[in-house]
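Colleague: Got a minute to walk me through this one? I'd like to start with a residue that caught my eye.

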Amino acid sequence: MEMSVLEIIGGVLLIITCILAVILCLLQDSKQQQNMTAAITGGANDSFYGQNEGRTKEAILKKITRVLLILFFVLTIAIHVITKLK
């Protein structure tokens, strides 16, 4: 069984996309951790920079993660179709 160049490229892209998605998911803060920290510290984060920094970082991480997971899904289907065409 010989793999075509498209299958190899697709497999490599699939692995890279998967690894990046896992890393980005791990970088995102969980809501439970934020709630527990706020309970311990009293939730006093009144500075403008402190209030908006997390939202911006979280929003960017969510968007990138969403795009990577869509790409992962499309690559998986594309590789499946390529292998079935043989």
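Colleague: Leaving aside neighbours within four places in sequence, what is Glu58 in contact with?
Modeller: Gln28 and Asp29, once those neighbours are set aside. Keep in mind that this is a predicted model.

Colleague: Fair enough. Which helix is Glu58 in?
Modeller: Glu58 sits in helix H3.

Colleague: And what's the nearest side chain of opposite charge to Glu58?
Modeller: That's Lys62, 5.0 Å away. Glu58 has no salt bridge, even though it is buried.

Colleague: Let's switch to H1. Which of its residues are buried?
Modeller: Glu7, Gly10, Leu14, Thr17, Ala21 and Leu24. The helix covers residues 5–27 and reaches 33 Å from first C-alpha to last, close to the 33 Å expected at 1.5 Å a residue.

Colleague: OK, zooming out: how many helices and strands are there?
Modeller: Three helices and zero strands, so the pattern along the sequence reads α-α-α.

Colleague: How much of the chain is buried?
Modeller: 14% of its 86 residues count as buried. As for contacts with a separation of 6 or more, 97% are between residues 24 or more positions apart.

Colleague: Back to the surface. Which residues form the nonpolar patch?
Modeller: Ile70, Phe73, Val74, Ile77, Val81 and Leu85, with about 600 Å² of accessible area together.

Colleague: Why does Ile77 count as partly exposed?
Modeller: Because its relative accessibility is 42%, and partly exposed runs between the 20% and 50% cut-offs. Ile77 is in H3, which spans residues 48–85.

Technical notes. Residues numbered from 1 in each chain as written. Predicted model: local features only at pLDDT ≥ 70, side-chain atom pairs only at ≥ 80, totals over all residues. Heavy atoms only, no water. Patch = residues over 30% accessible without salt bridge, like charges linked within 9 Å, V, L, I, M, F, W, Y side chains within 5 Å. Areas by Shrake-Rupley, 256 points an atom, 1.4 Å probe, with all protein chains shown as cover. Salt bridge = Lys/Arg side-chain N within 4 Å of Asp/Glu carboxyl O. Helix = DSSP H or I, 4+ residues; strand = E, 2+ residues; numbered from the N terminus. Buried < 20%, exposed > 50% of the residue type's maximum accessible area, 1.4 Å probe, protein only. Lys, Arg positive; Asp, Glu negative; His and termini not counted. Contact = heavy atoms within 4.5 Å. Expected span 1.5 Å × (residues − 1).
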